[in-house]
Every structure is written in structure tokens, then in C-alpha cells.
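Work through the exercises below with the model open. Try each task before reading its solution.

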Amino acid sequence: MCGIAGFIDFKKHSNNSLLFDATKKMTDAIVHRGPDDEGIWTDEKCGVALGFRRLAILDLSPLGAQPMKSADERFVMIFNGEIYNFQELRDDLQEKGYTFKGHSDTEIMLAAFSEWGIEATVKQLNGMFAIALWDTQRRELFLIRDRIGKKPLYYGLIGDTFFFGSELKSFRTHHAFKTEIDRRSLALYLKFGYIPSPFSIYENIFKISPGKMLKVTPERREISEQKAYWSVEDAVKSGLENQFEGTEAEILANLENLLLDATQRRMISDVPLGAFLSGGIDSSTVVALMQANSEKAVKTFSIGFDHGEYNEAEHAKAVAKHLGTDHEELYIKPQQARDVIPNLPLIYDEPFADSSQIPTFLVSELARRKVTVALSGDGGDEFFGGYGRYFRVNDLWNKLQKVPAPLRGISSSVASVGSSFAELILPTKDTRKSSVGQKLSLLSDLMPSAGLENLYTNFTANWRNPEKIIVGSNDVASDNSEKFSDSLNPIQAMMLRDAKQYLPDDILVKVDRASMAVSLEVRAPLLDYRVAEFAWRVPHHLKIRNGDGKWLIKELLYKYVPREIVERPKMGFDVPINEWLKTSLKDWAESLLDEQRLKDEGFFNPAPILKKWEQHQSGKRNNQQSLWTILMFQAWLENK
């Protein structure tokens, strides 16, 4: 697990010394991703520079250092991630006569590229990866991202310089990096709380989307379109056309074998390894399978809060005790959590508004004291239907379809008036739950939604109409939603949307930046692409049953942990932002939301924001998520 950064000077103005110096600044900016070693490779004739920061996990010797050349010297590569099937690839290549100096996955991949070609090799890789591969013969650069989107990879052309790397902070160190904030991306950010691929917060800077690759040919100043070598849509289509026909017990056994294998592969490490454990279904399943694969107690980590609504530590402790793990928990004081907030813009590098970023950083920090690699339970909700919103939106959609379209507008107006009245007589309390007025207001906004895809987008949106608050937003494309396929039922359609967008652009961004900020590698067995393909072959009734999701995963977990220990409502992983905005964070927030400041910065119309702020302070509504979205942009803007 590492950090990569580099650039191509299309005009070839730089000599090797200048290329090296600029790349050194880029890699120094991401030293947290790789504190163990660094490496730089340059080609003055082509204007190419590749930089690398190493977090040594496999083959800790210099033989695993990067940038690394292939044995035939055709390819030079920098690579962030882990390849879990590298040993099988090594065996195949050895049969073809290849020999290897070390035992790193990097060396195996380079030989594979030489033997099988680039796309053919990538299709064989099982892992998480962001790859920059320079072909010295054809003088072409390839940027490649893993199927699910675990590892980040940005790129873009500014003037005569093509940038690429793990984090945007590398780009900002380069003298040629001059660009503006993209207001279309800002609108997407306000809606979703993150910036979906392929966009970034900057004009002309993009992300490689999951499962895609891109080719750059400097001599022709040519940047190809991103090309898919795998897609979740294809996995869905293939899975629905090839549904499992076995019994429930047979399908469960297949899932268990697959997850045991996926987990075991992710336990291969030359450094200490552990796991995050929240006590929820997914993390408990991963830890159970880890312990089944281990002869000694697995190290597990969880954090707790004294605030009961947000505390999962007791549940995690019960699971750890039953499984016999070497468990460590840390109860976080509110001030410890709040102390993380000033660092969030530096950690996340782009505006990012999932407030569970705070406990994710804290549990990563805790784990890093003892281990360098941690396994997590990410992926179960998107692939096996675990989010409660799927069922709420599905129920709402079924009801809305019974209301004729002309009446929806009238009903929306009635709900809007009702929400205002409810706020006067039924103010919300400081809990996670919305007030009656807020629920009526949400209903008012959702009633006119045309199509399930718009309904789901609006239901999950932080700001449903961001164009109303962004200055100069006439040409802003504020919605990145696409029409759901008629071949999917509503819950399947929402799962697909989340697997394509919410999972890679929110969940995995949150975990990658938080963990890598403390030099911790996080691996997720449920995000093995084989698990994704398997999940879509599972009949729907084995994922969703009696209005509840993840039925099959729960049945697997109950083989290892008694039902009564883990059967509870889904809590999430959050902190009481609602309360903090009224108390300890109030002064900080008011400074960032100052009306004159907002006008001077020129991005937002202050009125709608300040209205939300007043509603939140008065207790009329819990506007924490929409406000947090604005605050995280403002904090990022202040630190960029």
C-alpha cells in the first residue's frame, strides 16, 4: 500500500534534475501514504517522471522497491495497492520460464504485462490497485484503477503538463498546476456530500473511474477516453442471467467458501495485521472468518463514545469475546473527536461531507498503534441490500405510483404547508431522528420526483436543489443520476447505483484517506470482485427477506456468532454533529458561515444557508447534514 505521483511535460522543457525535483515535492506531499521508502524515475527525452512513496507490506527488502522496471526493461511501473492472487500468477509465469528476484506482487505484475499484455493482465488481477505504467517502447502511459474503486487515481492536463497520482495535494506542489474550482462539481458535491467519479473539485482534473483504464500518448498530446475492462453493470447483467439454482444451504456453503478464500488472501502480510470490529453484521462476519483462518487470536479494534446513541463498542466487545480475539477498544471523549475536524480538509484533499470520517480516522489511528494492515467489513450493504433506505424508498415509490401525476404537485404543496405548521408546534429534539415538520418537508420535496432514480437521488441528497445556492449556476449540471434499468426491481436498482457511485466515491474515499493518513493499509474481503459477481447471482429472496436485507450474510454469521449477540438495528458509524453545531462547534461554524464571508468568496448565496442554520439552532429542524456539507467545503476552501 503506497502513494504514487507523477507528471509528463508534453513540451519536454525539463531536464532530469528538474523532473526529479518537481517529483520529489509531489511525493513529499503524500509521505503519509508511504513512510518507509521513496523512489523516483525520470526520462528526460520523453518528459516523464514517476514518483513513489512506499508503505512496505510484502517483501520488505529493497527488491520490492518502486518505481520498478520489468526484466526486459520495457515497462516501468508505480503501483498503489495489493494483488491477492499474485502467487498463482507467479506460478503460471514460472512455468513459462520467468524467474524472479524477490517475492513482491509488483515484480509479478510487470512480468505478466510483458507476457500477456496490459488489458489481458489487468483482467486477471484480483486486488485493489491504482497503477501508472510507462511503456518505454511505445512511449505511452497507462493509468489503471481496480474494479471496485478501492484505490484513488487522479489525472488531468493543465497547460503542457499532464498530472497523475493518488491525491490532489501532490498536484498542488507543482509550479504548473493552475486551475479553478469546478462549479459543476461543486453542485454535485452539495447534492451527494462527495464528488462522484470521474469529476474532481478542480476544472480539468478527473478521477479514473472504477474498473477503467486510460492511455496517454505524449508525442501526439493524446489522452484517450477511459476504457472499461470490468463493470458492475456487466456483473449485474451476467448475474441475473445466471442465477444460482441450488438450495439455500448450497448457496450459503458457496458463499462461505468464497469469503473464507477472500479473507485468507487478505491476511497475507509481512507486517502485523488486525481488523476493525464494530459489532455489526459485516465487520463481525469478516472477523469471524479471519479467526477461522488463524491459529492465534486476531487483533481487533473498536472505538466507543459515552453518548449511547452513537456507541457500538459494547456490541463489538461481545462479538470479540465470543470469537476469542485480542480485542482493544478506546472510548473517545467528545473533544478528542472534535480535535480531528481541523485536519479533515488536509486528510481528504477534496470537500467531503460524510461525518463518519471522524470515527473512521480515530479507529484507524487506534489500530495503527499495533498493526500496519487492518481488514474491514465494507461492501456488504451495497452487494447484499443492507441499507434501510432501500426499503423506505421502495415503500414510498410504491405509494407515489398510486397518486396521479397532477395530484402530486397539490399534495406536495399541502405537505409543505403542513411542515411549516408542524415546526411551530413540534420542534425536533437533539436526536438522530427528524422532526414531523422535517419529514413533511422531505415528502413535499419528493412528491414531484419523476422516476425512481430521481426519487432515490432526492431522498439521499444533502441539498436537493444546489443550483439555488451556487452563485452563477445557470450552466451547472447539478444532477449526476442516470435512469434505472427497467430490468431491475427498485431495490436492485438502488443497490446498483450505490455500488457504482456511493461505495467508491463516499465509503471507500472515507476509509482510504482516513487510514492512509496514519499509514494504515485497509483490506476488505467483501469487496473482492468475485463476491460482487457472486452476490448478483444470488436470488433476490436470499438477500432481501421479510423487509430486511443481507439475509444470506446474516445466516453465514450465525454459524460463527449467536444470533442474539449481533441481531440489532443498524447503527452506522457516526458522531453527534447535530448537538455539536449548537454547542462546541457553534462559533467555528458561524465563522465559516458568516454572511459577508460567503458573499466575498463568491460561491454561495448566503440566504438559503443561513435559513438552514437558523432552523437548526432553533430546534425546528435537524439540518446537520446539509450544514456539514457547506462547512466541509468552507473548511477545505480555507486550507486549500
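**Exercise 1. Cysteines**

Is Cys-2 buried or exposed, and where does Cys-46 fall?

Solution. This is a predicted model. Start with the cut-off: buried means under 20% relative accessible area. Cys-2 has 5% relative accessibility, so Cys-2 counts as buried. Cys-46 has a relative accessible area of 6%, so Cys-46 is buried. Now look for disulfides, with cysteine sulfur atoms within 2.5 Å as the rule. The count is zero.

**Exercise 2. The open sheet**

Work out the strand order of the open sheet of five strands, then find its edge strands.

Solution. Trace the order: 16-15-14-17-18, with parallel pairing. Next, take the ends. Strand 16 (326-332) and strand 18 (521-523) are the edge strands, and each pairs on one side only. From one strand to the next, the twist averages 30 degrees.

Then zoom in on one edge. Strand 18 pairs with strand 17 (residues 373-375) in the parallel sense, over three bridges. Opposite Glu-521 in strand 18 stands Val-373.

Last, add the helix. Helix 10 (residues 313-323) lies across strand 15 (299-305) and strand 16. Helix 10 runs at about 170 degrees to strand 16.

**Exercise 3. The second largest pocket**

Which helix gives the largest share of the lining of the second largest pocket?

Solution. Begin with the volume, about 580 Å³. The lining has 31 residues; closest to the centre are Val-232, Glu-233, Glu-482, Lys-500 and Gln-501. Helix 7 (232-241) and helix 19 (490-516) each supply at least two lining residues. The largest share, nine residues, comes from helix 19.

Methods: Residues are numbered from 1 along each chain as its sequence is written. This is a predicted model: local features need pLDDT of at least 70, side-chain atom pairs count only at pLDDT 80 or more; totals for chains, interfaces and linings use all residues. Side-chain values use heavy atoms; hydrogens and water are left out. Two strands pair if DSSP finds at least two bridges between them. Helices (H or I, at least four residues) and strands (E, at least two) are DSSP runs, numbered from the N terminus. Axes are lines fitted to C-alpha atoms, for helices over the stretch in contact, and angles run from 0 to 180 degrees between N-to-C directions. Contact means heavy atoms within 4.5 Å. Buried means under 20% relative accessible area, exposed over 50%, partly exposed in between (1.4 Å probe, protein chains only). On a 1 Å grid over the protein atoms alone, a cavity is a set of points where a 1.4 Å probe fits but cannot get out, and a pocket is an open set with protein on both sides within 12 Å along at least five of seven lines; lining residues have an atom within 4 Å of a point. Grid points are joined across faces, edges and corners, and a volume is the space filled by probe spheres set on the points.
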